[in-house]
Structure formats: C-alpha cells, structure tokens
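Visitor: I would like a close look at one part of this model, the largest pocket and whatever is held there. Please take me through the lining, the ligands and their contacts in one connected account.

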Amino acid sequence: MRGNKINAGTKIPAHIAMIMDGNGRWAKNRLMPRSYGHKQGLERMVGLIERAFDLGVSFVTVYALSTENFTRPKEELEGLFNLIRTRFEEYMTRLCARGFRLRVLGDLSLFPADVQEILIKQQEKTQIYPEGKGINIALGYGARAEIVRAVNLAVAKGETVSEQSFSNLLYTQGQPDPDLLIRTGKEVRLSNFLLWQVAYAEMYFSDKMFPEFSDGDLEEAIAWYSERTRRFGKTDEQLEEKS
Ligand code: IPE
Ligand code: IPE
Ligand code: MG
C-alpha cells in the first residue's frame, strides 16, 4: 500500500535505482527553461541520495542521461554538460565523503573531453573508499549498448559466459542488483535502463516530476517496498519454511 511511513521494522533496500524523469516538464509548468529543471533536478538528486544514505541504503544508481538523450537539441545538451562542469565535483565530493565510491556507468566518449576528465577524476578520487557502498551515475548510458559491449568483451576473450561472469562484464560489475527501482515523471517504462540488473527489482512509479520528488516521497517508496513479498520464483510456503 502507498502512503505508509517508515518505522523501525521497515526493510531498507540495499540498492535503489532511480530514473530521474520530468525535469523538463516541471520547468515548463513554471514557465521556466528546461535547463532550470535540470539544475533543480540535480539538486534534488543530491538530496535524495543523502536521505537514502541516512536510511542505510548502500548503493544508489541514478539515470541522469541516456544514450538516446544525445539526440536532444544541442543547447539542452550543452546546458547539461555545463552543469557537470560547474557542479559535479562539489556535489560528488560532498556525497562520497561519507565513504561511497563513485562509478559512472555509460559511454564517456560521448562527452566533450573536459567533461570526461571531470567524470574520470571524480571517480578516481573516490577509489580510496572501501567497496560495498557506492553511487552510480548513469551518463551516456543505455542498457542495450551495455549488454552488447559485454557480449563483445566475452567474444574478444573467446569465452562462453555464465549469468555470473556476464554480470561481471557490465558496468555494475561486483555490485548487488537494485532491489527497488523508482521512476518519477508519470511514465511507466524503463527507457533502456539496467535491463539486465532489474530482473527482480520492485518497481515504483510516481506521478511527481523529479524536482518535486521529496525526501518524504522517497520514504514512502521505501515503505511500499518493505511491504512487498519477494519470492524469486518460490511459493509463499517455501518462504515461510525458510524464515
Ligand atoms: C529527465 O528529465 C532528465 C534527463 C533526461 C536529462 P527530462 O529532461 O526527460 O524531463 P521531461 O521528461 O522532458 O519532463
Ligand atoms: C529516461 O528519460 C532517461 C533519463 C531519465 C536519463 P527520458 O525522458 O529520456 O525517457 P523517454 O524518452 O521519455 O522514455
Ligand atoms: Mg523525460
């Protein structure tokens, strides 16, 4: 049920994936340029990651820019690159200082050289933190492209793959799969996000636009997640026997 609150018994997902959608519409509704929506969306992203960490979440993956988004108008993309240029270091330094490794998921070669440099530098700076807690930002990311890349890596090595070894060829190598996937912005689709990794994720769709998705909304999504029965193919009786 929706509308529940978090309490001491709430099961906290280890890994939350978020599709931050609705920045443009949110701005348009306020007669503001789309770039303003992206700026507010980025701030909200940071706030939500902080809240998730406070609640004990170990991994947060945010879909910030898809491979397909590179077909958007040049000015919009340039605005997004400028946000990375001006804000990324400050925000990621603040978030990762809590002991989280940053990983950028996606094809960095799609970005201008100076933006690539910022992304790689931030990622490297956080390698001092232990594995097991992380922030993934999907930028220039597409799940099909990720899967094809993994297939080609396996082919180049002349190997057949298992589910486990294939997972290790994806950008998310070594990390647990998302338990909860949240999409804002009213759309009920994956838009080429983590197709492999969300095989058993619980999916939560919100009508709110991303810049207005509050910490309370995140908590509501987690409380909803906590009520789900995750069977992974088993029956309820089998789950009861085990517990
Ligand atoms: C999501 O918001 C962020 C990016 C894809 C960069 P949108 O930009 O898709 O916002 P809407 O869906 O047009 O409102
Ligand atoms: C998905 O949002 C990609 C990101 C949130 C980064 P879009 O707004 O691009 O998705 P579609 O095109 O409406 O499916
Ligand atoms: Mg959108």
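Guide: What follows is an account of the largest pocket, its lining and its two ligands, with a short word on the second largest pocket at the end. The model is a predicted one, and every distance and area given here is computed from its atoms.

The largest pocket holds about 680 Å³ of space. It is lined by 30 residues, and those closest to its centre are Met20, Ala64, Leu65, Asn69 and Arg72. By class, this lining is made up of 13 nonpolar, 8 polar and 9 charged residues. Several elements contribute at least two residues each, namely helix 1, helix 2, strand 2, helix 3 (74-96) and strand 4 (134-141). Of the contributors, helix 3 gives the most to the lining, with 5 residues.

Ligand 1 sits in this largest pocket, and the space taken by ligand 2 is the largest pocket as well. It is therefore useful to take the two shells in turn.

The shell around ligand 1 includes a run from Met20 through Asp21, Gly22, Asn23 and Gly24 to Arg25, and it is completed by Arg34, His38, Ala64, Leu65, Asn69 and Arg72. Sorted by class, these residues are 3 nonpolar, 5 polar and 4 charged. Three polar contacts can be described for this ligand. The side chain of aspartate 21 has an N or O atom 2.8 Å from an oxygen atom of ligand 1, while glycine 24 takes part through its backbone, with an N or O atom at 2.9 Å from a ligand oxygen. Arginine 34 brings a side-chain N or O atom to 2.9 Å from an oxygen atom of ligand 1. On its own, ligand 1 has 370 Å² of accessible area, of which the protein covers 89%. Helix 1 (23-29), helix 2 (34-54) and strand 2 (59-66) are the elements that give two or more residues to this shell, and helix 1 gives the most, with 3 residues.

Around ligand 2 the shell consists of Ile19, Met20, Asp21, Tyr63, Ala64, Leu65, Ser66, Asn69, Arg72, Arg183, Arg189 and Ser191. Met20, Asp21, Ala64, Leu65, Asn69 and Arg72 are named in the shells of both ligands. The class division for ligand 2 is 5 nonpolar, 3 polar and 4 charged residues, and the largest share of the shell, 4 residues, comes from strand 2. Here too the polar contacts involve ligand oxygen atoms. Serine 191 has a side-chain N or O atom 2.5 Å from an oxygen atom of ligand 2, and a polar side-chain atom of arginine 189 lies 2.6 Å from a ligand oxygen. For arginine 72, the distance between a side-chain N or O atom and an oxygen atom of ligand 2 is 3.4 Å. The protein covers 78% of the 390 Å² of accessible area that ligand 2 has on its own.

A second pocket can be set beside this one. The second largest pocket has a volume of about 320 Å³, and of the 16 residues that line it, Glu163, Ser167, Asp177, Trp196 and Gln197 are the closest to its centre. Its lining divides into 6 nonpolar, 8 polar and 2 charged residues.

Notes. Residues numbered from 1 in each chain as written. Chains lettered and ligands numbered in written order. Predicted model: local features only at pLDDT ≥ 70, side-chain atom pairs only at ≥ 80, totals over all residues. Heavy atoms only, no water. Near = heavy atom within 4 Å. Polar contact = N/O pair within 3.5 Å; in protein donor to acceptor, adjacent residues only side chain to side chain. Areas by Shrake-Rupley, 256 points an atom, 1.4 Å probe, with all protein chains shown as cover. 1 Å grid on protein atoms, 1.4 Å probe; cavity = no way out; pocket = protein on both sides within 12 Å on 5 of 7 lines; lining within 4 Å. Sits in = over half its atoms within 2 Å of the grid points. Nonpolar A, V, L, I, M, F, W, Y, C, P; charged D, E, K, R; others polar. Points joined across faces, edges and corners; volume = space filled by probe spheres on them.
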